[in-house]
Amino acid sequence: MSRSVLVTGGSRGIGLAIARELKEAGDDVAVTYRSGEPPEGLLGVRCDITDTDQVDAAFKQVEEEQGAVEVLVANAGIAKDQLLALMSEEDFSSVLDTNLTGSFRVAKRAVRGMMRKRTGRIILISSVVGLLGSGGQVNYAASKAGLVGFARSLARELGSRNITVNVVAPGFIETDMTAELPEARQAEIKKNVPLGRYGSTTEIAKTVRFLAGEDAAYITGAVIPVDGGLGMGH
Ligand SMILES: NC(=O)c1ccc[n+]([C@@H]2O[C@H](COP(=O)([O-])OP(=O)(O)OC[C@H]3O[C@@H](n4cnc5c(N)ncnc54)[C@H](OP(=O)(O)O)[C@@H]3O)[C@@H](O)[C@H]2O)c1
């Protein structure tokens, strides 16, 4: 049976791979996008997740076109890297506002319908650096670590309603975000990954498909690393 899925930041990168994977699994999939054209074959809803009214409008559109959201993938995220001593407060708070508060906004809006239906799946896309830490990324790492506490608290709130809340923590994945890193830094990263390579967006998407599916019905509050072993032990 197809479910109504919403993937934030599903216009490119990891989000797009997740959206395509869930579509292939038979679900009705909507993605948020901010500019340009939405990807073909998916329902595109214009939405900036830093704006509560836009989040509400996007959910209304999804509800009208494919029904209340049953699977939410909070994937949209940004990075603004800088050493703490040089980081502006704006660069700190804007990353928190998108990655952590943005996930709060969409999860809060999604649980209404899920609670009514007494079923739902929420999957938050964190990062290996949330638990491992990363110099130059205090804003990003704090936002991604915050998602773990958020998910585990929400998993406790919603477990009795048959709603699961899980976190996927990708390592370094081939996307625009990692392509921006200097080559020397990319080589250094790969040296520290036990599997010796970046991951693919498909490898994240397959994990999300599992968590969204029937086989993961008894998994909640989990943090699933998909990182080539980089964060082992965290
Ligand atoms: N790439 C990696 O190695 C890696 C590793 C660990 C975790 N992650 C996490 O995985 C997620 C996806 O990363 P990615 O590499 O695919 O990133 P990406 O290629 O930079 O794409 C980011 C996506 O988020 C959307 N987005 C950003 N700010 C938004 C906002 N305010 N409102 C709505 N959408 C917004 C973007 O939309 P627009 O197209 O409109 O800009 C885009 O679709 C992020 O949360 C990231 O932190 C990535």
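**Notebook: aromatic pair, annotated site, two buried residues**

I looked for aromatic pairs in this predicted model, and the count came to 1. The partners are phenylalanine 172 and tyrosine 198. I noted 6.2 Å centre to centre and 20 degrees between the planes. Planes under 30 degrees apart count as stacked, so this pair is stacked.

Next I asked where the two rings sit in the chain. Phenylalanine 172 is in the loop between β6 (163-170) and α6 (176-179). Tyrosine 198 is in the loop between α7 (183-192) and α8 (201-212). The pair therefore ties together parts that are 26 residues apart in sequence.

I stayed with tyrosine 198. Is tyrosine 198 buried or exposed? Its relative accessible area is 6%, so I put it down as buried. I also checked for a charge over its ring. Lysine 190 lies over the face of tyrosine 198, at 4.6 Å from the ring centre.

**Entry: the annotated binding site**

I turned to the UniProt record, an unreviewed entry. Its "binding site" annotation covers Gly9, Gly10, Ser11, Arg12, Asn75, Tyr140, Ala141, Ala142, Ser143, Lys144 and Ile173. Do they all gather at one spot? They do not, because the farthest two C-alpha atoms are 24.8 Å apart. In sequence they span 165 residues.

I then compared this annotation with the largest pocket. Which of these residues are in its lining? I found Gly9, Ser11, Arg12, Asn75, Tyr140, Lys144 and Ile173 there.

I placed two of the annotated residues. Arginine 12 lies in the loop between β1 (4-7) and α1 (13-24). Serine 143 is in helix α5, residues 138-158.

**Entry: serine 143**

I looked further at serine 143. Its relative accessibility is 0%, so it counts as buried. What does the side chain of serine 143 reach at 2.6 Å? I traced it to the backbone oxygen of tyrosine 140, another residue under the annotation. I set aside neighbours within four places in sequence and listed the other contacts. Serine 143 touches Val95, Leu96, Asn99 and Leu100.

**Entry: asparagine 166**

I went on to asparagine 166, in strand β6. Here too I read 0% relative accessibility, so asparagine 166 counts as buried. Which residues is asparagine 166 in contact with, leaving aside neighbours within four places in sequence? I listed Ile122, Ile123, Leu124, Leu211, Ile219, Thr220, Gly221 and Ala222.

Methods:
Residues numbered from 1 in each chain as written. Predicted model: local features only at pLDDT ≥ 70, side-chain atom pairs only at ≥ 80, totals over all residues. Heavy atoms only, no water. UniProt positions renumbered as here; feature names shortened; annotations may be inferred. 1 Å grid on protein atoms, 1.4 Å probe; cavity = no way out; pocket = protein on both sides within 12 Å on 5 of 7 lines; lining within 4 Å. Helix = DSSP H or I, 4+ residues; strand = E, 2+ residues; numbered from the N terminus. Buried < 20%, exposed > 50% of the residue type's maximum accessible area, 1.4 Å probe, protein only. Contact = heavy atoms within 4.5 Å. Polar contact = N/O pair within 3.5 Å; in protein donor to acceptor, adjacent residues only side chain to side chain. Phe/Tyr/Trp six-rings, centres within 6.5 Å; stacked < 30°, edge-to-face > 60°. Lys NZ or Arg CZ within 6 Å of the ring centre and 35° of its normal.
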